[in-house]
Amino acid sequence: MTSSQDDEKNRLSGRVSRYARVGTGIGSAAARIAGARLFGGDPDLRREGELLAAALGQLKGPLMKVAQLLATIPDAIPPEWAAELMRLQADAPAMGWAFVKRRMTAELGLGWERRFADFEHQPAHAASLGQVHRATGHDGARLAVKLQYPDMESAVEADLKQLGVIFALHARMRPAIDTTEIRQEIAARIREELDYGREARHMGLYAGIFDGDPDIRVPAPVPALSTRRLLTMNWLDGRPILSHREAGQDTRNRLATAMFKAWWYPFSHFGVIHGDPHLGNYTVFDDADGTPTGINLLDYGCIRIFPPRFVEGVIDLYRGLMAEDRDRIVSAYESWGFRGLDTELIEILNIWARFIYGPLLTDRVRRIADGVSPAEYGRREAMRVAQALKARGPVTVPREFVFMDRAAIGLGGVFLHLDAELNFYRLFNEQIEGFDRAAMGRRQADALAARGLASADAA
């Protein structure tokens, strides 16, 4: 056995042992939290969050993405827990070259290197589920090769069990939110992210949506060099979006406008959203003169497809808030799947709705939220909603709400980072002008069928 093979074996066994340690750590943290509560007194929620974060911090994997998502949903977990979990980073250690070769052989077979003119040994980027290498095709095309870490399906299932422990612990505390559907939604979307074939189809879907758009670029997959766990696509040059924070106001506004369109146009016209608004999923490309011009949309693992009635509900709620039309507001919440909508619950939901829709309700140029840091965006409103729901009893959050909420908060965070000053009212109304549910449904069905994706009702 060669030295490199020993390294590979050690790396794999180390990965397995990390998951085992995290499982033990979560159980220990849960036991300490439950024990402290058993003896009464006011719980130290921040300390509890630190215990959970310490347990999870041993694992740089899928659960980190889940923790960050939960921080955007009012009282899915206590805000003090969320604040600690948000400190965790979702970066996994990169695989070494010996392991990369083994993984590539498993996906493309022996002699896989001959299928590339060049393949860089060091990854360009490492994330929670896989890593990306630069490569060159025999036709000279520059490529991005996304390779999934080994045994990630088992890792994801282990992480989802740990998530169940966190939810079960929170359920003992008279939570404001029934997390049953939240857990189901998170599990479905995380499992989808493991299927790189599906991600390639998502990429094709967005390429069709933005075909010919000068402000938004989508990479193109290379099917001959892709599998379920390997995704090869063309490389898109670009700089991090945060590198433009000190650019002129016009440049920052131009990039924010492209981001607004990249999110709201697919949703309002095709019922799909890019559900992981992490800053690393966008880069900025320049025109021929070197002027920052538009957005490269990267990473299509977490695309959420919505049925047309949900999209119509989002627009109806906006119009109901604009006109203070209670019947329309109630109808919108019902179309989302909320039940038991008495006056008290409607007013509580409206706190959150007015926060999400707030920048879209006034016809003026403004920042998304003056004087608020990206890390604190939505935190105050989430706490208000959680406190109001506590007195009322658990409310089941419809599963379709989860990634819609996550994406809206993330998008707002991008606008805060860019310090954009825009008329969000006009940008939004341009996207929803002439909306017709039946027409959108036909457009969506055609686009999904063209890319071999399931219908919205089956998503």
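How many cavities of 30 Å³ or more does a search of the whole structure find? Three turn up, and the two with the most to say about them get their own views below, after a quick look at the chain in this predicted model.

**View 1. The whole chain, with its 16 helices and 13 strands.**
Of the 459 residues here, 53% count as buried. Take the contacts with a separation of 6 or more, and 74% of them come from residues 24 or more positions apart. On the outside, the accessible surface adds up to about 19900 Å², and carbon and sulfur atoms hold 49% of that.

**View 2. The largest cavity, at about 270 Å³.**
Its lining takes in 22 residues, and the ones closest to the centre are W336, W352, A353, F401 and D405. Which helices each supply at least two residues of this lining? They are helix 10 (308-323), helix 11 (326-336), helix 12 (343-357), helix 13 (379-390) and helix 14 (399-418). Helix 12 gives the largest share, with five residues. As for chemistry, the lining of the largest cavity splits into 21 nonpolar residues, one charged residue and no polar ones. D405 counts as charged, and this residue is among those closest to the centre.

**View 3. The second largest cavity, with about 150 Å³ of space.**
Here 14 residues make up the lining, and W264, I356, I368, A408 and L411 sit nearest the centre. Two or more lining residues come from each of helix 9 (249-270), helix 12 and helix 14. Which helix gives the largest share of this lining? That's helix 14, with five residues. Sorted by class, the lining of the second largest cavity has 13 nonpolar residues and one polar residue, with no charged ones. Helix 12 and helix 14 also turn up in View 2, where each supplies at least two residues to the lining of the largest cavity.

**View 4. An open sheet of four strands, in the order 6-11-10-8.**
The pairing in this sheet is mixed. In general, strands of a sheet pair through backbone hydrogen bonds, either parallel or antiparallel. Which strands form the edges here? Strand 6 (216-217) and strand 8 (239-240) do, each pairing on one side only.

**View 5. Zooming in on strand 8 and strand 10.**
Strand 8 pairs with strand 10 (residues 282-286) in the antiparallel sense, over two bridges. To find your way around this pair, start at R239, which stands opposite V284 in strand 10.

How values were computed. Residues are numbered from 1 along each chain as its sequence is written. This is a predicted model: local features need pLDDT of at least 70, side-chain atom pairs count only at pLDDT 80 or more; totals for chains, interfaces and linings use all residues. Side-chain values use heavy atoms; hydrogens and water are left out. Buried means under 20% relative accessible area, exposed over 50%, partly exposed in between (1.4 Å probe, protein chains only). Contact means heavy atoms within 4.5 Å. Accessible areas come from the Shrake-Rupley method with a 1.4 Å probe; for residues, only the protein chains shown count as cover. On a 1 Å grid over the protein atoms alone, a cavity is a set of points where a 1.4 Å probe fits but cannot get out, and a pocket is an open set with protein on both sides within 12 Å along at least five of seven lines; lining residues have an atom within 4 Å of a point. Grid points are joined across faces, edges and corners, and a volume is the space filled by probe spheres set on the points. Two strands pair if DSSP finds at least two bridges between them.
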